[in-house]
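Visitor: Please take me through one part of this model at close range. Pick a single residue, follow its contacts outward, and then set it against the whole chain.

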Amino acid sequence: MKDIVILDYGSGNLRSAERAVARAGAAVTVTADWDAALAADGLVVPGVGAFAACMAGLRSVRGDQIIGRRLAGGRPVLGICVGMQILFTKGIEHGVTTEGCDEWPGTVDRLDAPVVPHMGWNTVDVPGGSVLFRDLEDARFYFVHSYAARRWDLEPDPTGLIEAPLVTWAEHGDRFVAAVENGPLCATQFHPEKSGDAGAELLRNWLTTLS
């Protein structure tokens with residue numbers, strides 16, 4: 001059984017994430033403790049609400065440093081919803097730009113769609129070779145968001161030595177990044193913990209990637 005920490009940095013939805021990951025078969029602790037977060041087999045970074053508020057909360061517990069330290073050592077991290085968005089370089093909300101964790105280049109901004117927020121079930125366009133979406137290529141997942149990364153700006157490694165990330169897309173008005181698999185760093189714009197059997201299976205798939 002894998003030991004998973006749900007990072008508690010003041011963002012909501014912690015308990016539903018805790019229950020979902022536990023149901024997927026992991027031992028789960030909700031904490032902001034530095035040592036526990038670094039030592040866990042996997043770290044889940046949830047997030048709801050505004051990009052700026054999530055970043056402020058994350059920095060208040062040195063969560064940005066925890067994420068960076070884990071990734072530098074090849075230790076798995078899973079971001080969910082705004083917990084995915086803050087992994088990009090910056091977010092723009094209501095004309096205000098907030099610096100993110102800059103693990104991936106790119107900007108999170110408002111969806112260009114007739115109806116915002118994007119709320120409800122949606123399909124996703126899964127790339128070949130995905131582990132997160134194994135046996136879930138035709139599944140639907142639950143989204144609640146007004147902002148997203150609408151481009152993928154990370155250039156391929158020119159040497160070909162570093163495997164390119166797998167990017168899953170969805171559409172609401174225009175295309176946006178729905179999930180990323182990038183070595184130890186994975187993330188979903190949707191909420192696996194609210195996505196029923198498909199979300200539970202995705203979390204189980206993620207747990208299989210943990211060493």
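Guide: Start at C54, in helix α3, which covers residues 51-60. The model is a predicted one. C54 has 4% relative accessibility, under the 20% cut-off, so it counts as buried.

Now its contacts. Beyond the neighbours within four places in sequence, C54 is in contact with Y9, S11, G47, V48, V82 and I86. Two of these partners, S11 and I86, are worth following.

Take S11. This residue sits in the loop between β1 (3-7) and α1 (14-23). Is S11 buried or exposed? It is buried, because its relative accessible area is 7%, against a limit of 20%. S11 touches P46, G47, V48 and C54, again leaving out residues up to four places away in sequence. G47 and V48 are thus on the contact list of S11 and also on that of C54. V82 is in contact with C54. From S11 to V82 the chain runs 71 residues, yet their C-alpha atoms are separated by 9.3 Å.

Next door in sequence to V82 is C81, in the loop between β4 (77-80) and α5 (82-85). C81 counts as buried because its relative accessibility is 3%. Its contacts, not counting residues up to four places away in sequence, are G47, V144, T188, Q189, F190 and H191. G47 appears here too: it touches C81, and it is in contact with C54. C81 and V45 are 36 residues apart in sequence, and 9.0 Å apart from C-alpha to C-alpha.

Back to C54, and on to I86. Leaving aside neighbours within four places in sequence, I86 is in contact with F51, C54, M55, L58, I67, G100, C101 and D102. F51, C54, M55 and L58 fall within the 51-60 range of helix α3. I86 is also one of the residues with the most contacts inside the largest nonpolar core. That core has 69 residues. L43, L58, I67, F133, F141 and W206 are the others named with I86 for their contacts inside it. L58 and I67 are therefore in that group and are direct partners of I86. In soluble globular proteins, nonpolar side chains tend to be buried together.

D102 deserves a stop. It is in contact with I86, and I86 is in contact with C54. The C-alpha atoms of C54 and D102 are separated by 14 Å, with their positions 48 residues apart along the chain. D102 lies in the loop between β6 and β7. At 48% relative accessibility it counts as partly exposed, because the value falls between 20% and 50%. Its phi is positive, about 60°, although D102 is not a glycine.

Two other backbone points belong beside it. H94 lies in the loop between β5 (88-93) and β6 (96-99). Its phi is also positive, near 55°. H94 counts as exposed, because its relative accessibility is 75%. The peptide bond from V116 to P117 is cis, with omega near 15°. P117 is in the loop between β7 (104-110) and β8 (118-123). Most residues other than glycine have a negative phi, and most peptide bonds are trans.

For another buried site, look at V180 in strand β12, residues 174-182. Its relative accessible area is 0%, so V180 is buried. Apart from neighbours within four places in sequence, V180 is in contact with M84, W104, L132, W152, P165, L166, L185, C186 and A187. V180 and L78 are 102 residues apart along the chain, while their C-alpha atoms are separated by 9.6 Å.

Now the whole chain. It has six helices and 13 strands. Of its 211 residues, 51% count as buried. Among contacts between residues at least 6 apart in sequence, 71% join residues at least 24 apart. The radius of gyration is 16 Å, which agrees with a compact globule, because 211 residues would give a value near 17 Å. Along the principal axes, the C-alpha atoms fill a box of roughly 45 × 40 × 40 Å.

Finish on the surface. The accessible surface comes to about 9,300 Å², and carbon and sulfur atoms hold 49% of it. Side chains number 18 positive and 27 negative, with the centres of the two sets 5 Å apart.

Definitions and conventions. Residues are numbered from 1 along each chain as its sequence is written. This is a predicted model: local features need pLDDT of at least 70, side-chain atom pairs count only at pLDDT 80 or more; totals for chains, interfaces and linings use all residues. Side-chain values use heavy atoms; hydrogens and water are left out. A nonpolar core is a set of buried Ala, Val, Leu, Ile, Met, Phe, Trp, Tyr and Cys residues joined through side-chain atoms within 4.5 Å. Buried means under 20% relative accessible area, exposed over 50%, partly exposed in between (1.4 Å probe, protein chains only). Contact means heavy atoms within 4.5 Å. Helices (H or I, at least four residues) and strands (E, at least two) are DSSP runs, numbered from the N terminus. The radius of gyration is taken over C-alpha atoms; the globule rule is 2.2 Å times the number of residues to the power 0.38. Accessible areas come from the Shrake-Rupley method with a 1.4 Å probe; for residues, only the protein chains shown count as cover. Lys and Arg count as positive and Asp and Glu as negative; His and the chain ends are not counted. The place of a charge is taken as NZ of Lys, CZ of Arg, CG of Asp or CD of Glu.
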